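Me: Here is a structure I would like to go through by question and answer. Please keep each reply short and end on the value or name asked for.

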Amino acid sequence: MTSAGAHIKQPTPILHIDMDAFYASVAVRERPELWEVPVIVGGGYRGVVLSANYLAREHGVRSGMPATRARRMCPQAVVVAPDHELFGRVSTAVVETFRRVTPLVEVVSLDEAFLDVSGSVRRLGPPAEIAEQVRATIHDEQAITCSVGVAATISVAKLASKRAKPDGVVVVPPEGITTFLHPLDVGELYGVGEKTRAMLHRLGLVTVGDVAHTPVRTLQRAVGDHLGRHLHELAWGDDRREVVAGSSGAFGLGGGEPDRSMGAQETFGRDVDDRTVVLRELLRLTSTVTGRMRVAGVAGRTVTLTVRFADFTTITRSRTMSEATDVTQEVYRTATALYDALGLQRARLRLVGVRVEGLAPRESVHHQHVLGEREHGWSEADRAVDRAARRFGSAAVRPASLLS
DNA sequence: TCTGGGGTCCTAGGACCC
DNA sequence: TCTGGGGTCCTAGGACCC
């Protein structure tokens, strides 16, 4: 920095990079005959759309939409099953490209990352040029496109990348932040979903500018203390969060915070009212979860059971144990007790789920339960199963009730 | 054939403790 | 005595994000 500018605080240049229709783009790349057809990824039986290319979006198809509805909207679309392994490989390669720009890469999900490029400007040029370089590299190496938002804060960079879609760059200079933000719909703000947007609209707060010019107390009464304050700050572009190298999502890409909970849930192909079937599913889900816990070297104290009924109403029941555990049988026993305490008769269930919370490194917690010393050797059994699964694959070893 | 699966965080009430 | 005031933990639900 020159001496003349030394007293001027340079805004930290942050890039938000978002792959365009990631899953759909990768799917089309693998099957060039789909290049000019509407494509939907996901959408199996009782499923939702994971991703849709822009041709499908022209018909109103959106990710998260029930697959049935998407197919009605766009019957000519080709539906492709997701290949998560492939998506993972492409994502890893893309992140590698980012890391050649700067080590300060915060991976949000498979298709999204923040880059703090303040240390790269001298080497690579202004942020807008870096954005174009990254886009060209991704396109050359992966044959898919991405969009980039450039701004001084994380939240504005994210909104800018959305504005840049598809296949573009939008730079929001510091002096242009409120001009950029205030015309946007409140629903664009991070943390404002369908419900909060409707609530704010009912109050006559339609744009980000409206929120910016509303007293914090009023916002807090409407949406709660925390969110009210947060939204007021975001509406003025006030966001002090920094880019943290590593993963802020649950993708195990390293460097980020450890998981606070691990869980698994499953929607049945058809609604189920048979206790035996429900318990068998709970055992399967539990062994998946505890297996992942043991791989991660964590144990947890609180078990939460989720039950979704045929009418989509969903309840949770949880129990906190005196000691943390990673033992399949202990988590399963707790989940079963929670299920039986519901006293369901012939209720038809659409989904069940198991989650373990309060995770801590296994070495840091009390030992009896974790090591299963006073129990029935279940912990040893788990570890034997883990070893066998590593050698022969997870299909090779499973509880007897899960056979067939 | 309406509505997946992986998470995080907040709120609010009650219990309990000091 | 006539009703404090936190702080923490637990539980249930809900909103949100990717």
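Me: How far does a polar side-chain atom of Thr 196 lie from a phosphate oxygen of DNA strand C?
Reply: This is a predicted model. A polar contact is a pair of N or O atoms within 3.5 Å. The side chain of Thr 196 supplies a polar atom to such a pair with a phosphate oxygen of DNA strand C, and the distance is 2.4 Å.

Me: Which atoms of Glu 194 and Ser 318 lie by a phosphate oxygen of DNA strand C?
Reply: For Glu 194, the distance to a phosphate oxygen of DNA strand C is 3.4 Å, from a backbone N or O atom. For Ser 318 the distance is 2.6 Å, and the atom is again a backbone N or O.

Me: Which element gives the most residues to the surface near DNA strand C?
Reply: Two elements give two or more residues to that surface, helix H9 (194–202) and strand E12 (314–325). With 6 residues, the largest contribution is that of E12.

Me: What part of DNA strand C accounts for its atoms within 4 Å of the protein?
Reply: DNA strand C is surrounded by 19 residues, and Ser 109, Lys 158, Thr 196, Ser 318 and Thr 320 are the closest. Of the strand atoms that come within 4 Å of the protein, 100% belong to sugar and phosphate.

Me: How many charged residues does the surface near DNA strand C have?
Reply: Sorted by class, this surface has 4 nonpolar and 7 polar residues. The charged residues number 8.

Me: Is the aromatic pair of Tyr 23 and Phe 87 stacked or edge-to-face?
Reply: The count of aromatic pairs comes to 3. One of them is Phe 22 with Phe 87, at 6.2 Å between centres and 55° between planes, a tilted pair. For Tyr 23 and Phe 87 the centres are 4.2 Å apart and the planes 5° apart; planes under 30 degrees apart count as stacked, so this pair is stacked.

Me: Which residues form one aromatic cluster, and are they buried or exposed?
Reply: Tyr 23 in helix H1 and Phe 87 in helix H4 are 64 residues apart along the chain. Phe 22 and Phe 87 are both buried, and so is Tyr 23. The cluster consists of Phe 22, Tyr 23 and Phe 87.

Me: Over the ring of which residue does the charged end of Arg 308 sit?
Reply: Elsewhere, Arg 57 lies over the face of Tyr 54, 4.7 Å from the ring centre. The charged end of Arg 308 is 4.3 Å from the centre of the ring it sits over, that of Phe 312.

Note on methods
Residues numbered from 1 in each chain as written. Chains lettered and ligands numbered in written order. Predicted model: local features only at pLDDT ≥ 70, side-chain atom pairs only at ≥ 80, totals over all residues. Heavy atoms only, no water. Near = heavy atom within 4 Å. Polar contact = N/O pair within 3.5 Å; in protein donor to acceptor, adjacent residues only side chain to side chain. Helix = DSSP H or I, 4+ residues; strand = E, 2+ residues; numbered from the N terminus. Nonpolar A, V, L, I, M, F, W, Y, C, P; charged D, E, K, R; others polar. Phe/Tyr/Trp six-rings, centres within 6.5 Å; stacked < 30°, edge-to-face > 60°. Buried < 20%, exposed > 50% of the residue type's maximum accessible area, 1.4 Å probe, protein only. Lys NZ or Arg CZ within 6 Å of the ring centre and 35° of its normal.
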